Amino acid sequence: VITVNLAMAVVLAVLYSVGFYLLMQRSLMRILIGIVVLGHGANLLLQLAGGPPARAPVLGTAPPEEFADPLPQALALTAIVITFALTTYLLALGYRSWVLTGHDEVQDDLEDRRIAAGERPEGSMEEDTAGSDDGEDPGSAAASTEPAEALPTIGSEGVAR
Amino acid sequence: VSTLVTLPVLLPILGAALTVIFTRSATTQRLIGIVVLAGVSAVAAILLVEADRTGPVVVELGGWPAPVGIVLVADRLSALLLLISTAVTLAVLVYAIDQRIADYGRETAGTTFHPIFLLLSTGVSLAYLTGDLFSLFVAFEIMLAASYVLITRRTNASRIRSGMTYVIISLTSSLLFLTTIALVYASTGTVNLADLAEKVAALPPGPRTLLSMLTIVTFGIKAAMVPLHFWLPDSYPNAPAPVTALFAGLLTKVGIYALLRTQTLLFPGDGPSAVLLVLAVLTMIVGALGALAQNDLNRLLSFLLVSHIGFMLFGLAVDDARGAAGTALYIVHHITVQATLFLVSGLITRRTGTVAIDQMGGLARRAPVLAVLFAIPAMTLAGIPPTSGFVAKLALLQAGGSGTVGTAVVAAFVVAASLLTLWAVVRVWTRVFWGADKEPLPDDDPTDELVVGTAKTSAPMYVASAALVAVSLAIAAAAGPLSAVTERAGADLIARTPYLEAVLG
């Protein structure tokens with residue numbers, strides 16, 4: 001029978017809640033840290049799945065119950081590598097976003113906003129991004145009922161830089 | 001024969017390595033891609049025949065027997081889906097190669113496109129074949145990591161924006177999957193699917209329901225099930241047409257496959273699942289209504305994709321042999337038709353220079369071939385007889401009709417969602433192909449691979465699209481034998497014994 005270690009359970013709860021809280025932020029950097037924290041939580045959970053901590057690694061000969069279960073360790077190792085690689089990719093994406101748009105904010109779906117505002121785009125998607133308000137917080141556009149002018153836009157800022 | 005099961009995974013990953021070596025020769029890269037995918041299709045066909053004749057083909061990796069080692073299993077369902085997926089991937093590759101030639105010239109060799117494309121195919125193959133929950137996670141990661149690169153290649157601001165959403169959502173669902181695996185291992189001490197089938201059944205109902213719901217949420221995000229679908233219509237339309245076609249055809253279906261496999265094998269219910277029935281209705285209706293609100297052709301198709309995920313969920317929710325068979329047949333039909341529609345949409349936008357439906361018009365006169373290429377898959381998607389869509393929907397309706405009152409009610413929603421789909425595609429037809437001619441919009445930047453702006457098309461792009469149309473017509477023509485196979489596959493899934501005996505011996 002696997003008994004749950006209270007300290008570990010608390011650590012897990014903190015890692016998961018902090019991770020998910022950070023995921024809900026606008027800035028990609030915070031989301032990135034959220035994913036890292038959440039990844040730590042998942043990997044720790046995977047470790048704990050093998051039994052309570054503080055048992056010896058598989059080495060030498062002894063009865064099986066004295067060893068830590070090696071399978072979750074192998075799984076966690078694989079998962080750590082994958083999370084690490086994808087974190088790096090997300091970091092590169094954030095940098096590219098900063099180069100192109102000058103910030104790393106995760107923005108709203110433009111077309112959704114347009115449809116919600118009952119507006120038809122003039123020409124292609126690229127053309128009606130001019131004349132936007134640079135300082136507009138993308139989140140406030142979601143809440144406000146103002147149409148086109150308040151929309152968070154893409155492209156125009158990137159060109160300016 | 002059993003060693004053949006490793007080839008659909010090994011060939012593409014070796015091909016990917018080779019295309020990295022030959023980064024200087026565009027022709028070699030193209031050849032490797034086409035040969036590899038044709039080879040995998042052939043292997044998949046052999047596996048399907050073998051699995052249908054003698055039961056699931058199993059290979060134990062490293063010679064370790066089942067509960068300890070990792071197994072690859074090709075049963076009827078996985079072999080069938082592998083075959084259709086690889087065939088569609090091949091057609092998309094031909095289309096993509098010719099689009100690249102049209103855009104950048106014949107001699108342009110790329111360092112990323114071909115290797116990543118083949119890696120994506122590796123991930124998809126592994127996801128279908130693996131008999132191990134953790135390998136399924138790895139397969140998803142290979143597939144998704146490749147898709148992150150494909151969706152953000154040749155970045156511009158809008159692609160970065162949509163790519164971010166896509167990567168973050170996918171990573172979140174992957175971490176949820178990892179959590180699920182950890183909880184599964186903690187409660188059962190195994191990650192082998194066949195072994196789990198027996199051990200999960202011995203769990204108390206509480207943990208079993210928790211694990212079942214966690215898998216539904218995890219794979220539901222990947223399959224774009226409402227209310228977990230928001231990322232899809234936002235991210236897919238911004239990618240180049242072949243990439244969108246590949247994603248729409250394969251990625252969500254792999255999610256549905258994983259859902260089908262885990263729900264039938266690990267969490268067999270005793271009757272229709274109320275949760276899945278409600279989710280199926282929501283997905284069908286919300287997706288179809290969303291499609292009707294769109295003005296962007298690719299977004300409209302993306303919402304239709306979401307809507308049709310609901311059809312597949314419905315077959316799964318019925319939870320009997322007929323339902324599983326209907327879902328299997330629907331996946332086969334939908335992989336083909338959805339990929340075709342996105343490829344044709346790529347051709348349309350390269351001709352009109354816009355994705356906005358109200359900016360197009362009169363294409364039926366100017367481009368009759370294109371009109372035919374759009375009309376057939378559109379009617380197939382809506383399920384007009386005698387297309388493959390009709391055959392697949394009929395299978396689902398029969399499953400619903402022979403179930404309980406609940407499934408019969410949901411079957412009515414299937415009909416309603418089909419009609420809404422028909423409305424959406426007819427709306428596209430009347431605005432894009434009929435009506436007054438509109439001038440094509442000029443391309444603002446011919447090298448950005450964006451859907452916006454007219455660009456050259458070449459005959460092979462039409463041939464690749466036409467080939468996929470032919471495949472979906474062939475599915476309709478071969479509906480008898482094909483539905484016989486999917487019915488046997490559905491019976492296998494519900495009975496579970498063929499899979500368990502093949503893996504555990």
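# Talking through two chains

Modeller: Let's start with Q263(B), which lies in helix α10 of chain B, residues 241-265. Keep in mind that this is a predicted model.

Biologist: Why is Q263(B) called buried?

Modeller: Set the value against the cut-off. Buried means under 20% relative accessible area. Q263(B) has 8%, so it counts as buried.

Biologist: And which residues does Q263(B) touch?

Modeller: Leaving out residues up to four places away in sequence, Q263(B) touches S212(B), T215(B), I216(B), P268(B) and L316(B).

Biologist: What makes the pairing of Q263(B) with T215(B) a polar contact?

Modeller: The distance is one part of it. The N or O atoms have to be within 3.5 Å, and one must be able to donate a hydrogen and the other to accept it. The side chains of Q263(B) and T215(B) make their contact at 3.3 Å, so the distance fits the limit of 3.5 Å.

Biologist: Okay, on to chain A. What is its secondary structure made of?

Modeller: Chain A has 6 helices and 0 strands. Read from the N terminus, its elements go α-α-α-α-α-α.

Biologist: How much of chain A is buried?

Modeller: Of its 161 residues, 38% count as buried, by that cut-off of under 20% relative accessible area. The accessible surface of chain A is about 9000 Å², and carbon and sulfur atoms hold 65% of that.

Biologist: How do you know how big the interface of chain A and chain B is?

Modeller: People often give the size of an interface as the accessible area lost when the parts come together. Between chain A and chain B, about 3900 Å² is buried, with 74% from carbon and sulfur atoms. On the side of chain A that touches chain B, α1 (6-23), α2 (28-48), α3 (70-101) and α4 (110-116) each supply at least two residues. The largest share is from α3(A), with 15 residues. By type, that side divides into 28 nonpolar, 11 polar and 10 charged residues.

Biologist: How many residues does each chain bring to the contact?

Modeller: Chain A gives 49 residues and chain B gives 45.

Biologist: With charged residues on that side of chain A, what is the count of salt bridges between chain A and chain B?

Modeller: The count is 0. A salt bridge needs a side-chain nitrogen of Lys or Arg within 4 Å of a carboxyl oxygen of Asp or Glu, so no pair across chain A and chain B is counted as one. Polar contact does turn up across the interface, in 4 residue pairs with both residues at pLDDT 80 or more.

Terms used: Residues are numbered from 1 along each chain as its sequence is written. Chains are lettered from A and ligands numbered from 1 in the order in which they are written. This is a predicted model: local features need pLDDT of at least 70, side-chain atom pairs count only at pLDDT 80 or more; totals for chains, interfaces and linings use all residues. Side-chain values use heavy atoms; hydrogens and water are left out. Contact means heavy atoms within 4.5 Å. Buried area is the accessible area (1.4 Å probe) that two parts lose on being put together, summed over both. Helices (H or I, at least four residues) and strands (E, at least two) are DSSP runs, numbered from the N terminus. Ala, Val, Leu, Ile, Met, Phe, Trp, Tyr, Cys and Pro count as nonpolar, Asp, Glu, Lys and Arg as charged, and the others, Gly among them, as polar. Buried means under 20% relative accessible area, exposed over 50%, partly exposed in between (1.4 Å probe, protein chains only). Accessible areas come from the Shrake-Rupley method with a 1.4 Å probe; for residues, only the protein chains shown count as cover.
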